[in-house]
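Biologist: Hey, I've never looked at this one before. Can you walk me through it?
Modeller: Sure, let's pull it up.

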Amino acid sequence: MARRDGLQLTTRRGFMDDLSDFADNAFDIIFHPVSNCYAPRIEPVWRECFRVLRRSGALLAAFMNPIVYIFDAEAQERGELIVRFRLPYADVVDLPPAELERFIERDHTVEFSHSLESQIGGQLKAGLVLTDLYEDIDLGPPKGRSLYFPTCLATRAIKP
């Protein structure tokens with residue numbers, strides 16, 4: 001698509017909570033897919049997004065509904081919703097070592113839950129203004145947890 005539309009792309013490898021490679025006010029838009037679950041702390045991410053956005057720039061962010069983390073993942077694979085964990089949740093804290101090892105061996109990436117206060121409130125505390133909110137379910141026809149609640153949320157926020 002970039003080649004077709006004559007766009008020049010540059011990729012950078014780094015951490016979402018450290019955008020120091022980029023100048024203040026460098027971007028008109030940030031697309032932040034469901035990736036917060038891989039960050040132990042999310043508030044620094046929102047502060048960095050605010051810093052690198054230009055005035056009137058938009059942050060489009062998606063994240064998991066925190067409630068998805070209360071359920072036993074192996075039971076979900078069997079089609080059962082069994083409440084097992086308290087929030088906030090972190091694989092590295094809440095799973096017994098042997099179970100964590102099995103998850104990692106199956107290429108499961110270590111995840112962290114975040115409250116709605118840190119997800120949405122964190123954007124507001126960083127100085128962004130929320131302009132829209134969207135809820136969604138897991139891909140495919142509704143089943144399992146998606147029968148009962150939206151599993152993902154997305155926000156649109158702008159830098160005033």
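Modeller: One term before we start: two strands pair if DSSP finds at least two bridges between them. And keep in mind that this is a predicted model.

Biologist: OK, so which residue is the bridge partner of Y134 in β4?
Modeller: That's A154. The strands involved are β3 and β4 (residues 152-158), which run antiparallel and are joined by seven bridges.

Biologist: What order do the strands of the sheet come in?
Modeller: The order is β1-β2-β4-β3, in an open sheet of four strands with mixed pairing. At the edges sit β1 (27-32) and β3 (129-136), each pairing on one side only.

Biologist: And how are neighbouring strands turned against each other?
Modeller: By 10° on average, ignoring direction.

Biologist: Now the helices. Which strands does α1 lie across?
Modeller: Helix α1 (residues 43-52) lies across β1 and β2 (53-64), and runs at about 150° to β2.

Biologist: What about α5, which strands is that one touching?
Modeller: Helix α5 (residues 116-125) packs on the sheet and touches β2, β3 and β4. Its direction makes about 175° with that of β2.

Biologist: Switching to the surface: which residues form a nonpolar patch there?
Modeller: L81, L147 and Y148 do, and together they have about 340 Å² of accessible area.

Biologist: Where is L81?
Modeller: In the loop between α2 (73-77) and α3 (91-94).

Biologist: Why does L81 count as partly exposed?
Modeller: Because its relative accessible area is 31%, and partly exposed covers what lies between buried, under 20%, and exposed, over 50%.

How values were computed:
Residues numbered from 1 in each chain as written. Predicted model: local features only at pLDDT ≥ 70, side-chain atom pairs only at ≥ 80, totals over all residues. Heavy atoms only, no water. Patch = residues over 30% accessible without salt bridge, like charges linked within 9 Å, V, L, I, M, F, W, Y side chains within 5 Å. Areas by Shrake-Rupley, 256 points an atom, 1.4 Å probe, with all protein chains shown as cover. Salt bridge = Lys/Arg side-chain N within 4 Å of Asp/Glu carboxyl O. Helix = DSSP H or I, 4+ residues; strand = E, 2+ residues; numbered from the N terminus. Buried < 20%, exposed > 50% of the residue type's maximum accessible area, 1.4 Å probe, protein only. Axes fitted to C-alpha atoms, helices over the stretch in contact; angles between N-to-C directions. Contact = heavy atoms within 4.5 Å.
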